[in-house]
Amino acid sequence: MKLEFIDRLNGNELLGKNIFTGDGRILLREGTRLTESYITKMRDMGIFYVYVEDERLKDVQVEDEKISRLKQTTLENMSRIMKNTNMISDKKSMSDYIKTVEELITYIQENADINKSLYDIQTSSNLTYVHSIDVCIMATFIGHAMKMDRFSIKELGVAAILHDIGKTQLPKEIAEKQGNLNAEELARFKEHPYLGAMLIKKNLRISDNIIKAVQQHHERMDGRGYPYGLEGKAISKFARIITISDVYDTITNSKDYKKAFSPNDAYELILAGSGTIFDENIVKVFRKSFSVYPLGCCVKLSNGVEGYVVRQNENFPDRPIIRVIYDEQKKDIEPYEIDLVKSINLVITSVV
Ligand SMILES: [Fe+2]
């Protein structure tokens, strides 16, 4: 299958992977033939690209059923909890919920493949809590790549899923406001890390590491973050990891289609913030852990030819193996493969 931008679909394609709604239900099943109205619906939901079948890329398989299923269960539980705020103060519901999250984290720990594609992690939705799952998955991958022990990874993942829970304590008009907040609203908004930490401290038997991570997830390495303006190592390691995952996820999921960063631009932005916003060493791990160009993605090379990413190269997130299918004039050619680790004179110039 291949990855196609939604605006380039002409209808009639076969969907390669299930599409989920924000609360974890399946919106469209893989194998569905896409129509104009399905495409419009996906665009309205903020979905920018989908996997569709392609004869020339039959061997490219990106589906990890188990992770999708676990993600779906986590989403369903989370959606129940978030719709019923009483449940947040119900210790039993919350600890049941955390158990399902831990299952997801354990699965990632045991099956984490290097160079996980950043595109695969994203869930398209406007709901804050949905993104907490993406942040959790990404943080878990980073923790795994940092060779943290199993217990710490679990704590990190739980902290990541709960990081924005303080937003449930803000007035809806502030938490869900589209567009800029005024000074007063912004001051309230900036309380959410603290409110979240207090909420979980009160309702859950949870370690100080998790509470600290929730409380510090908007701090920056240079001390210009909030709420405390902590600097460098004074910020907990979990918080430093969650910040990277959270920023990445936020900028790639802007509600405004035109303002959203593509994963490769967002990736560059994270690298640019290394040392000032983000912890340099964690950025290095982030760089090694995720692939920039996902499997099935069409790219243009510096010699003018175009092709699809068919395999990743471990430790070279931006140098995958490309199956070239178009020449410089964009004419179909007999496909051949280029390994960008071996062809060091070539680079990917754009996603097309
Ligand atoms: Fe936040």
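The following paragraphs go through a helix, a helix pair and three local backbone features of a predicted model. Local features need pLDDT of at least 70, side-chain atom pairs count only at pLDDT 80 or more, and totals for chains, interfaces and linings use all residues. Residues are numbered from 1 along each chain as its sequence is written.

Helix α9 covers residues 192-203 (helices are DSSP runs of H or I with at least four residues, strands runs of E with at least two, numbered from the N terminus). Its buried residues are His192, Pro193, Gly196, Ala197, Leu199 and Ile200. Buried means 20 or more other C-beta atoms within 10 Å of the residue's own, exposed 12 or fewer, and partly exposed in between, with C-beta atoms placed from the backbone. These residues lie on the same side of α9, because they cover an arc of only 165 degrees around the axis, taken from the directions from the helix axis to the C-beta atoms. An α-helix has 3.6 residues a turn, so residues three or four places apart point the same way. The buried residues of α9 pack against α6 (150-162), α8 (183-189) and α10 (208-215), where contact means C-beta atoms, placed from the backbone, within 7 Å.

Two loops contain residues other than glycine with positive phi. Asn12, with phi near 80 degrees, is in the loop between β1 (2-5) and β2 (19-20), and is exposed because it has 10 C-beta neighbours inside 10 Å. Lys330, with phi of about 65 degrees, is in the loop between β9 (321-326) and β10 (332-339).

A cis peptide bond, with omega about 5 degrees, joins Tyr226 and Pro227. Pro227 is in the loop between α10 and α11.

Note on methods. Expected span 1.5 Å × (residues − 1). Contact = placed C-beta atoms within 7 Å.
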